[in-house]
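Reader: I have a new model open on my screen and would like to learn how to read it. Could you take me through it step by step?

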Amino acid sequence: MSVRSVLTLAAAVLIGVLACAGPAAAADPSQQVAAGVTTLSVGRVGASLSALVGLLGAVGGGLALARPDSKGHIGAWARRNGAVTALVAGPVAVAVGGTIAATADGGLGTGNGLGGAFVAMLLGLTAVALGGLARSRTRRTG
């Protein structure tokens with residue numbers, strides 16, 4: 001992955017997060033209401049789904065980096081598509097997690113998905129790092 005691609009991707013994610021932060025900054029913070037433990041809010045569902053996407057990318061990047069010696073279907077898939085999956089799923093998880101974190105009305109424990117958004121961003125960054133390493137290793141040996 002070239003430096004130009006990384007910088008372009010980082011700029012796109014930053015612009016997307018900043019564009020969604022405007023409505024959150026205009027909200028009235030005095031109306032914070034904590035949600036129940038079993039309540040499924042839009043923030044919780046979105047953060048959970050983006051964390052799962054980030055986990056999918058991290059697992060794909062890890063499998064591509066490990067290059068399992070097994071001749072099964074998972075090993076063959078990981079050699080071909082693991083790095084690409086990580087490089088696509090990682091930025092998606094970072095962008096969605098950043099958007100949810102920027103638009104969350106309250107802090108942790110209020111039901112807005114802030115904790116899940118941080119987990120999604122961490123998993124997305126891990127997926128991008130593993131995918132980039134696997135992709136560069138493929139180019140060197142291929």
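Author: Happily! Let's start with one residue and work outwards: S50 lies in helix α2. Keep in mind that this is a predicted model.

Reader: Is S50 buried or exposed?

Author: The general idea is to look at relative accessible area, where under 20% means buried. S50 has a relative accessible area of 5%, so S50 is buried.

Reader: What does the side chain of S50 have as a polar partner?

Author: For this, look for polar atoms around the side chain. Here a polar atom of the S50 side chain lies 3.0 Å from the backbone oxygen of A47.

Reader: And which residues does S50 contact, leaving aside its neighbours within four places in sequence?

Author: With those neighbours set aside, S50 is in contact with A93, V96, G97 and A120. Let's follow A93, which is found in helix α3.

Reader: Is A93 buried or exposed?

Author: The same reasoning applies: A93 counts as buried because its relative accessibility is 0%. Beyond its neighbours within four places in sequence, A93 is in contact with S50, V53, G54, A120, M121 and G124. Take G124 as an example: G124 and A93 are 31 residues apart along the chain, yet their C-alpha atoms are separated by 5.0 Å.

Reader: Let me try another spot. Where is A83, and is it buried or exposed?

Author: A83 has its place in helix α3, which covers residues 73–103. With 9% relative accessibility, A83 counts as buried. Not counting residues up to four places away in sequence, A83 touches G60, A64, G131, A134 and R135. For a distance to check on your screen, A83 and L63 are 20 residues apart in sequence and 8.5 Å apart in space, C-alpha to C-alpha.

Reader: R135 was in that list. How should I read that residue?

Author: Begin with its helix: R135 is in helix α4, residues 114–141. R135 has a relative accessible area of 36%, so R135 is partly exposed. Apart from residues up to four places away in sequence, R135 touches A83 and L87. From R135 to A86 the C-alpha distance is 9.8 Å, with their positions 49 residues apart in sequence.

Reader: Which residues form a nonpolar patch on the surface?

Author: That patch is formed by V45, L49, L52, L55 and V59, with about 430 Å² of accessible area together. One of them, L52, is found in helix α2, residues 42–66. L52 is exposed because its relative accessible area is 53%, and over 50% is the cut-off for exposed.

Reader: Can we step back to the whole chain? How many helices and strands are there?

Author: The protein chain has 4 helices and 0 strands, and reading along the sequence gives the pattern α-α-α-α. Of its 142 residues, 27% are buried. The accessible surface comes to about 8,400 Å², and 69% of that belongs to carbon and sulfur atoms. Among contacts with a separation of 6 or more, 74% are between residues 24 or more positions apart.

Reader: One last thing: where in the protein chain is confidence lowest, and where is it highest?

Author: Here we read pLDDT. The mean for the protein chain is 74, and 57% of its residues reach 70 or more. Confidence is lowest in helix α1, residues 3–26, at a mean of 60, and highest in α2, at 85. Our starting residue, S50, lies in helix α2.

Technical notes
Residues are numbered from 1 along each chain as its sequence is written. This is a predicted model: local features need pLDDT of at least 70, side-chain atom pairs count only at pLDDT 80 or more; totals for chains, interfaces and linings use all residues. Side-chain values use heavy atoms; hydrogens and water are left out. Patches are made of residues with over 30% relative accessible area and no salt bridge: like charges are joined within 9 Å, nonpolar side chains (Val, Leu, Ile, Met, Phe, Trp, Tyr) within 5 Å. Accessible areas come from the Shrake-Rupley method with a 1.4 Å probe; for residues, only the protein chains shown count as cover. A salt bridge is a side-chain nitrogen of Lys or Arg within 4 Å of a carboxyl oxygen of Asp or Glu. Helices (H or I, at least four residues) and strands (E, at least two) are DSSP runs, numbered from the N terminus. Buried means under 20% relative accessible area, exposed over 50%, partly exposed in between (1.4 Å probe, protein chains only). pLDDT is the predictor's confidence in each residue, from 0 to 100. Contact means heavy atoms within 4.5 Å. A polar contact is a pair of N or O atoms within 3.5 Å; within protein, one must be able to donate a hydrogen and the other to accept it, and residues adjacent in sequence count only if both atoms are side-chain atoms.
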